[in-house]
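Biologist: I am new to reading protein structures, and I would like some help with this one. Could we go through it together, feature by feature?

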Amino acid sequence: MPGSFRVESPSTPDHYRACFRLRWQLLRAPWQQPPGSEQDAHETAAWHRMVLDAHGEVVGYGRLHREQDGTGRIRYMCVMPQWRGRGVGAALLESLEKAARDQGMTRILLDARAPVIGFYLRHGYRDLGPGPLLFGVIAHRRMEKRLDRKCARRRPAPD
Ligand SMILES: CC(C)(COP(=O)(O)OP(=O)(O)OC[C@H]1O[C@@H](n2cnc3c(N)ncnc32)[C@H](O)[C@@H]1OP(=O)(O)O)[C@@H](O)C(=O)NCCC(=O)NCCS
């Protein structure tokens with residue numbers, strides 16, 4: 001029975017190995033994609049977040065990177081099946097959105113797999129229309145969220 005969990009940034013080679021393994025296992029292997037297909041050109045400049053269980057096992061993962069126009073892009077959100085529905089995905093998304101705000105990003109774009117659109121709608125994302133068809137079978141919707149500046153420090157009003 002899953003118990004407590006915590007969100008952290010991976011910091012060791014073992015962490016990164018476990019994160020990539022989870023990404024491959026949940027987002028690539030079921031579609032017969034080879035190990036390595038879960039990685040892209042943004043890994044070193046991205047903000048990674050993992051969820052650890054009480055034993056230090058990685059049970060969830062999500063990543064943010066900055067597009068050339070400054071937009072934040074979230075990819076590879078995934079939670080182990082036995083951990084779903086317990087707030088792990090929400091904790092990951094909130095941590096990535098905080099990272100985006102901290103970096104001064106004001107907008108996040110993502111391509112959501114059709115079965116999980118509701119997860120993003122619940123978190124304030126807007127459906128912009130059809131996204132890519134991954135591996136010829138996985139339909140996506142392009143989704144957007146404008147980030148408010150609630151974490152930014154307010155300047156005092158001039159006298
Ligand atoms: C999408 C995913 C990351 C969500 O993670 P999770 O830990 O189950 O999500 P949470 O438990 O934090 O759910 C947060 C809220 O979203 C809702 N939600 C979660 N998955 C949902 C779904 N598929 N459809 C509609 N609502 C959903 C929950 O009911 C919850 O609502 P509440 O706050 O009103 O209770 C997880 O289902 C997953 O890994 N799916 C498979 C991989 C995948 O498709 N990744 C997305 C790629 S774009």
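**Reading the model together**

Modeller: Happily! Keep in mind that this is a predicted model. Let us start with one residue: Glu 97 is found in helix 2.

Biologist: Is Glu 97 buried or exposed?

Modeller: The idea is to look at the relative accessible area, where buried means under 20%. Glu 97 has a value of 5%, so it is buried.

Biologist: Which residues does Glu 97 touch, not counting residues up to four places away in sequence?

Modeller: Glu 97 touches Ile 108, His 123, Tyr 125, Lys 145 and Leu 147. With Lys 145 there is also a polar contact, side chain to side chain, at 3.1 Å.

Biologist: What about Ser 95, and where does it lie?

Modeller: Ser 95 lies in helix 2 as well. Its relative accessible area is 19%, and buried means under 20%, so Ser 95 counts as buried. Leaving aside neighbours within four places in sequence, Ser 95 is in contact with Val 7 and Arg 49. The side chains of Ser 95 and Arg 49 make a polar contact of 2.8 Å.

Biologist: Now the strands, please. In which sense do strand 2 and strand 3 pair?

Modeller: For a pair of strands, look at the direction and then at the bridges. Strand 2 and strand 3 pair in the antiparallel sense, over six bridges. One of the residues to find is His 48, whose bridge partner in strand 3 is Arg 63. The two strands form a hairpin with four residues between them. In that turn, Gly 56 has a positive phi of about 85°.

Biologist: And how many bridges are there between strand 3 and strand 4?

Modeller: Strand 3 and strand 4 pair over six bridges, in the antiparallel sense. Look for His 65, which stands opposite Arg 73 in strand 4. These strands also form a hairpin, with five residues between them, and Gly 70 in the turn has a positive phi of about 95°.

Biologist: Why is strand 3 described as largely enclosed by the rest of the structure?

Modeller: Count its buried residues. Eight of the nine residues of strand 3 are buried, so the rest of the structure largely encloses it.

Biologist: How many residues of strand 5 are buried?

Modeller: Strand 5, residues 107-113, has five of its seven residues buried, so this strand too is largely enclosed by the rest of the structure. It pairs with strand 4 (residues 72-79) in the parallel sense, over two bridges. Gly 72 stands opposite Ile 108 in strand 5. To get from strand 4 to strand 5, the chain crosses through helix 2 (residues 88-102), and this β-α-β crossover is right-handed.

Biologist: Which strand is joined to strand 5 by seven bridges?

Modeller: That is strand 7 (residues 138-146), and strands 5 and 7 run antiparallel. Within this pairing, His 140 in strand 7 is the bridge partner of Arg 113.

Biologist: How should I think about a nonpolar core?

Modeller: In soluble globular proteins, nonpolar side chains tend to be buried together. Here the largest nonpolar core has 34 residues, and Ile 74, Tyr 120 and Tyr 125 touch the most other members. Among the elements that each supply at least two residues are helix 1 (13-27), strand 2 (47-53), strand 3 (58-66) and helix 3 (117-122). Helix 2 gives the most to this core, with six residues.

Biologist: What does Ile 74 touch, not counting residues up to four places away in sequence?

Modeller: Its contacts include Leu 93, Leu 96, Ile 108, Leu 110 and Tyr 125.

Biologist: Is Pro 130 buried or exposed?

Modeller: Pro 130 is exposed, with a relative accessible area of 70%. Its place is in strand 6 (residues 126-134). Pro 130 and Arg 141 are eleven residues apart along the chain, and their C-alpha atoms are separated by 4.6 Å.

Biologist: Lastly, how many residues surround the ligand?

Modeller: There are 21, and the closest are Met 77, Val 79, Gly 89, Ala 90 and Arg 122. For the details, look at pairs of atoms. A backbone N or O atom of Met 77 lies 2.8 Å from a nitrogen atom of the ligand. A polar backbone atom of Gly 89 is 2.8 Å from an oxygen atom of the ligand. From Arg 84, a polar side-chain atom lies 3.4 Å from an oxygen atom of the ligand.

Notes: Residues are numbered from 1 along each chain as its sequence is written. This is a predicted model: local features need pLDDT of at least 70, side-chain atom pairs count only at pLDDT 80 or more; totals for chains, interfaces and linings use all residues. Side-chain values use heavy atoms; hydrogens and water are left out. Buried means under 20% relative accessible area, exposed over 50%, partly exposed in between (1.4 Å probe, protein chains only). Two strands pair if DSSP finds at least two bridges between them. A crossover is right-handed if, with the strands pointing away from the viewer, the path from the first strand over the helix to the second runs clockwise. A nonpolar core is a set of buried Ala, Val, Leu, Ile, Met, Phe, Trp, Tyr and Cys residues joined through side-chain atoms within 4.5 Å. Contact means heavy atoms within 4.5 Å. A residue is near a molecule or strand if one of its heavy atoms lies within 4 Å of it. A polar contact is a pair of N or O atoms within 3.5 Å; within protein, one must be able to donate a hydrogen and the other to accept it, and residues adjacent in sequence count only if both atoms are side-chain atoms.
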